[in-house]
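Please work through the exercises below with the model open beside you, and try each task before you read its solution.

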Amino acid sequence: MFGQNRQQLRQFFFDVWSKMQKGETLSGLEQVLAQIISIHPEYHTLLQQPDRLDQDFSVEAGQSNPFLHMALHISLHEQISTDRPAGIRVLYQQLLTRYAAAHDCEHAMMECLAEVLWQAQSEGQPPSDSDYLQALLGLLQ
């Protein structure tokens, strides 16, 4: 989709931002990312600085990684559109009724996704769909 390394993935973000600024035609996936970029104006300055492609973002220093954040949005959109894991689309519709805005709903869901991914990486295992869905169900309570 984007490539297999951090630089290629990040370059995709910079390229989409550049195309947005020039009013160029965007592919389907680029349109998804453009929507995500649009709702994150706090990242626009960064995306205007391609020399920051290799910048590290340290949680220990209180920094969040904007590329990871936007990539989680993309992952969530893909999951909902394909209903994978099975049932996530219905859960998303149910969760939308609990949050003031779809963006807030996505952020809550992304926290669950990030936790499941972190746990899987820590254990050297693939992410657990059942743990993920269980965490999302917890948001309904």
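**Exercise 1: Salt bridges**

In this predicted model, Asp56 and Arg6 form a salt bridge in which the closest N and O atoms are 2.7 Å apart. Work out which parts of the chain this pair ties together, and then find how many salt bridges the whole structure holds.

*Solution.* Begin by placing each partner: Asp56 lies in the loop between helix H3 (44–47) and H4, while Arg6 lies in helix H1, so the pair ties together parts that are 50 residues apart in sequence. Next consider accessibility, where Asp56 is exposed with a relative accessible area of 53%, and Arg6 is partly exposed at 39%. A search of the whole structure finds 2 salt bridges, and Glu30 and Lys19 form one of them, with 3.0 Å from N to O. Glu30 belongs to helix H2 (residues 28–38) and Lys19 to helix H1, so this pair ties together parts that are 11 residues apart in sequence. Glu30 has a relative accessibility of 10% and counts as buried, whereas Lys19, at 21%, counts as partly exposed.

**Exercise 2: The largest pocket**

Determine which element gives the most residues to the lining of the largest pocket, and describe how that lining divides by residue type.

*Solution.* The largest pocket holds about 490 Å³ of space. Its lining comprises 24 residues, of which Ala71, Leu72, Ser75, Leu113 and Leu117 are the closest to the centre. Helices H1 (6–22), H4 (66–82), H6 (102–123) and H7 (129–138) are the elements that each give two or more residues to this lining, and H4 gives the most, with 9 residues. By type, the lining residues divide into 14 nonpolar, 5 polar and 5 charged.

Terms used:
Residues are numbered from 1 along each chain as its sequence is written. This is a predicted model: local features need pLDDT of at least 70, side-chain atom pairs count only at pLDDT 80 or more; totals for chains, interfaces and linings use all residues. Side-chain values use heavy atoms; hydrogens and water are left out. On a 1 Å grid over the protein atoms alone, a cavity is a set of points where a 1.4 Å probe fits but cannot get out, and a pocket is an open set with protein on both sides within 12 Å along at least five of seven lines; lining residues have an atom within 4 Å of a point. Grid points are joined across faces, edges and corners, and a volume is the space filled by probe spheres set on the points. Helices (H or I, at least four residues) and strands (E, at least two) are DSSP runs, numbered from the N terminus. Ala, Val, Leu, Ile, Met, Phe, Trp, Tyr, Cys and Pro count as nonpolar, Asp, Glu, Lys and Arg as charged, and the others, Gly among them, as polar. A salt bridge is a side-chain nitrogen of Lys or Arg within 4 Å of a carboxyl oxygen of Asp or Glu. Buried means under 20% relative accessible area, exposed over 50%, partly exposed in between (1.4 Å probe, protein chains only).
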